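User: Hi! I have a structure open and would like to talk it through with you, one question at a time.

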Amino acid sequence: MDMDLAGAELKSVLNRLRRAQGQISGVIRMIEVGRDCEDVITQLAAASRALDRAGFAIIATGLQKCVADIESGGEDSEQMRARLEKLFLSLA
C-alpha cells in the first residue's frame, strides 16, 4: 500500500508529527533538568496522542485508497482487510 497523502491531509499529518517531535524534545529536556515526574508524564502523554492521531490519519487515508482499489478490482478484499486490521492493531 503506497503512502499517498496530498494537500490538507499531508499538512495535517506533518503538523501532528512535528508537534510530537517538539513534545518529545521537551520531554528529554525536562528529564535532563530534573523536572517533576507529573509534568514529564503529562508531556509524554501529549506526544503519544499526537503520534496516534498522525497514525490514524495515515490509516484513514489508506482506507480510502484501499476501498478504491477493491472497487476497481485491484486487490483481493480479504487480503486487504487483513492488512488493514494489522495496521489498526499496531496503533492499539
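What follows is a friendly run of questions and answers on this structure.

User: How confident is the predictor in this chain, and what is the mean pLDDT?

Analyst: Happy to start there, since this is a predicted model. Of the residues in the chain, 85% reach a pLDDT of 70 or more. Averaged over the chain, the pLDDT is 81.

User: Which element has the lowest mean pLDDT?

Analyst: At the high end is α1, with a mean of 89. Where pLDDT is low, the predicted coordinates should not be read in detail. The element with the lowest mean, 76, is helix α3, residues 77–91.

User: In what order do the secondary structure elements run from the N terminus?

Analyst: The chain has three helices and zero strands. Read from the N terminus, the order is therefore written with helices alone: α-α-α.

User: What percentage of the residues count as buried?

Analyst: The cut-off to keep in mind is a relative accessible area under 20%. The accessible surface of the chain is about 6400 Å², and carbon and sulfur atoms hold 56% of that area. Of the 92 residues, the buried share is 21%.

User: Among contacts between residues at least 6 apart in sequence, what percentage join residues at least 24 apart?

Analyst: A contact here means heavy atoms within 4.5 Å. Taking the contacts between residues at least 6 apart, the share that joins residues at least 24 apart is 65%.

User: How far apart are the end C-alpha atoms of α1, and what span should its residues give?

Analyst: Helix α1 covers residues 7–32, which is 26 residues. At 1.5 Å a residue, the helix should span 38 Å. The model agrees, because the distance between its end C-alpha atoms is 38 Å.

User: Which residues of α1 are buried?

Analyst: An α-helix has 3.6 residues a turn, so residues three or four places apart point the same way. That is a handy thought when you look down this helix. The buried residues in α1 are V13, A20, Q23, G26, V27 and M30.

User: Is Q23 buried or exposed, and which residues does it touch?

Analyst: Q23 sits in helix α1 and counts as buried because its relative accessibility is 13%, where the cut-off is under 20%. S48 of helix α2 is 25 residues from Q23 in sequence, with 9.1 Å between their C-alpha atoms. S48 itself is partly exposed, at 36%. Leaving out residues up to four places away in sequence, Q23 touches Q43, A46, A47 and A50.

User: Which helix gives the largest share of the nonpolar surface patch?

Analyst: The patch is formed by L10, L14, L17, I24, I28 and L51, with about 440 Å² of accessible area together. One of its members, I24, lies in helix α1 and counts as partly exposed because its relative accessibility is 36%. With five residues, the largest share comes from helix α1.

User: Which side chains meet in a salt bridge?

Analyst: The count for this model comes to one salt bridge, and the rule asks for nitrogen and carboxyl oxygen within 4 Å. The pair qualifies because its N to O distance is 3.4 Å. Both partners are partly exposed, one at 32% and the other at 45%. They are D39 and R35.

User: Which residue just after α1 takes a positive phi?

Analyst: Look just past the end of α1. The phi angle there is about 80 degrees, and the residue is G34.

User: How far apart in space are V67 and M80?

Analyst: V67 is found in helix α2, residues 37–71. V67 counts as partly exposed, with a relative accessibility of 42%. In sequence, V67 and M80 are 13 residues apart. From C-alpha to C-alpha, their separation is 9.0 Å.

User: And what is the C-alpha distance between F56 and L87?

Analyst: F56 is another residue of helix α2. Its relative accessible area is 39%, so F56 is partly exposed. F56 and L87 are 31 residues apart in sequence. In space, their C-alpha atoms are separated by 9.4 Å.

Conventions. Residues numbered from 1 in each chain as written. Heavy atoms only, no water. Helix = DSSP H or I, 4+ residues; strand = E, 2+ residues; numbered from the N terminus. Buried < 20%, exposed > 50% of the residue type's maximum accessible area, 1.4 Å probe, protein only. Areas by Shrake-Rupley, 256 points an atom, 1.4 Å probe, with all protein chains shown as cover. Patch = residues over 30% accessible without salt bridge, like charges linked within 9 Å, V, L, I, M, F, W, Y side chains within 5 Å. Expected span 1.5 Å × (residues − 1). pLDDT = per-residue confidence, 0-100.
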